[in-house]
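Student: I am new to this structure. Please walk me through it with short questions and answers.

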Amino acid sequence: MLNLADNIYMKTFDKIIEKLEARIDLLNEKRIEDDEFRLPKAKITLLGQFSLLANPKISAQLNIPATMDVDAKIEADYAIKKTFIEILKEEGLEYDEDSGLIWIPPGSKFDTLHESPILLVTAISPLYGILSKAIKAKEKNRILVRDAIGVLGEELINLVVKFGGDIDYFLKD
């Protein structure tokens with residue numbers, strides 16, 4: 001089993017969150033100095049490949065192709081969104097502006113990765129993240145989905161079938 005500390009994506013994620021929290025605090029301090037309200041709590045939901053790579057359990061069990069793109073749904077003031085994107089660039093990553101196009105399966109579950117008074121970060125659970133790939137990007141993710149079936153089993157198979165996916169496509173040689 002992969003140790004959480006050995007997962008480079010988790011280390012990078014932790015660094016991003018630490019920087020973002022610090023910069024939101026600075027933004028709020030400036031707003032208070034200017035007699036403005038503090039920024040509302042931000043919510044970032046990781047989607048796509050990065051959500052799988054940042055999950056220590058699933059990334060230890062599957063060979064997930066590396067990516068520099070970060071897919072995320074950002075519900076935050078523009079200043080926080082801009083700051084998050086800047087921090088990603090500092091860490092050698094890039095926010096995917098097409099993140100809003102990612103299909104989130106109905107009934108998806110989300111894991112809380114970080115929560116504080118100013119920031120909530122969640123990630124689509126691996127089961128639903130892989131289901132999204134199986135249904136909407138099967139050609140690009142055939143091997144990943146096949147391997148995930150070995151880890152997630154019947155539950156993934158049933159969901160792929162439920163949402164109209166071709167399970168045989170992933171199981172054939």
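Tutor: Start with a definition: rings of Phe, Tyr and Trp (its six-membered ring) pair if their centres lie within 6.5 Å, and planes under 30 degrees apart count as stacked, over 60 as edge-to-face and the rest as tilted. This is a predicted model, where local features need pLDDT of at least 70, side-chain atom pairs count only at pLDDT 80 or more, and totals for chains, interfaces and linings use all residues. Residues are numbered from 1 along each chain as its sequence is written, and side-chain values use heavy atoms, with hydrogens and water left out.

Student: How many aromatic pairs does a search of the whole structure find?

Tutor: One pair joins tryptophan 103 and phenylalanine 163, with ring centres 5.4 Å apart. Another joins tyrosine 169 and phenylalanine 170, at 5.2 Å centre to centre. The whole-structure search gives a total of two.

Student: Why is the pair of tryptophan 103 and phenylalanine 163 called what it is?

Tutor: Its partners are 60 residues apart and link distant parts of the chain. Their planes stand at 75°, so the pair is edge-to-face.

Student: Is phenylalanine 170 buried or exposed?

Tutor: Buried means under 20% relative accessible area, exposed over 50%, and partly exposed in between (1.4 Å probe, protein chains only). Its ring partner, tyrosine 169, has 15% and counts as buried. Phenylalanine 170 has 0%, so the word is buried.

Student: Which strands are the edge strands of the sheet?

Tutor: Helices (H or I, at least four residues) and strands (E, at least two) are DSSP runs, numbered from the N terminus. Two strands pair if DSSP finds at least two bridges between them. The open sheet of five strands has mixed pairing and the order E3-E2-E1-E5-E4. Pairing on one side only are E3 (94–95) and E4 (110–115).

Student: In E5, what is the bridge partner of histidine 114?

Tutor: A hairpin joins E4 to E5 through three residues. These strands pair in the antiparallel sense over five bridges. Aspartate 111 has alanine 123 as its bridge partner. For histidine 114, the partner in E5 is valine 121.

Student: At what angle do helices H6 and H7 pack?

Tutor: Axes are lines fitted to C-alpha atoms, for helices over the stretch in contact (heavy atoms within 4.5 Å). Angles run from 0 to 180 degrees between N-to-C directions. The axes of H6 (residues 142–152) and H7 (residues 154–162) are 6 Å apart. Their angle is about 130°.
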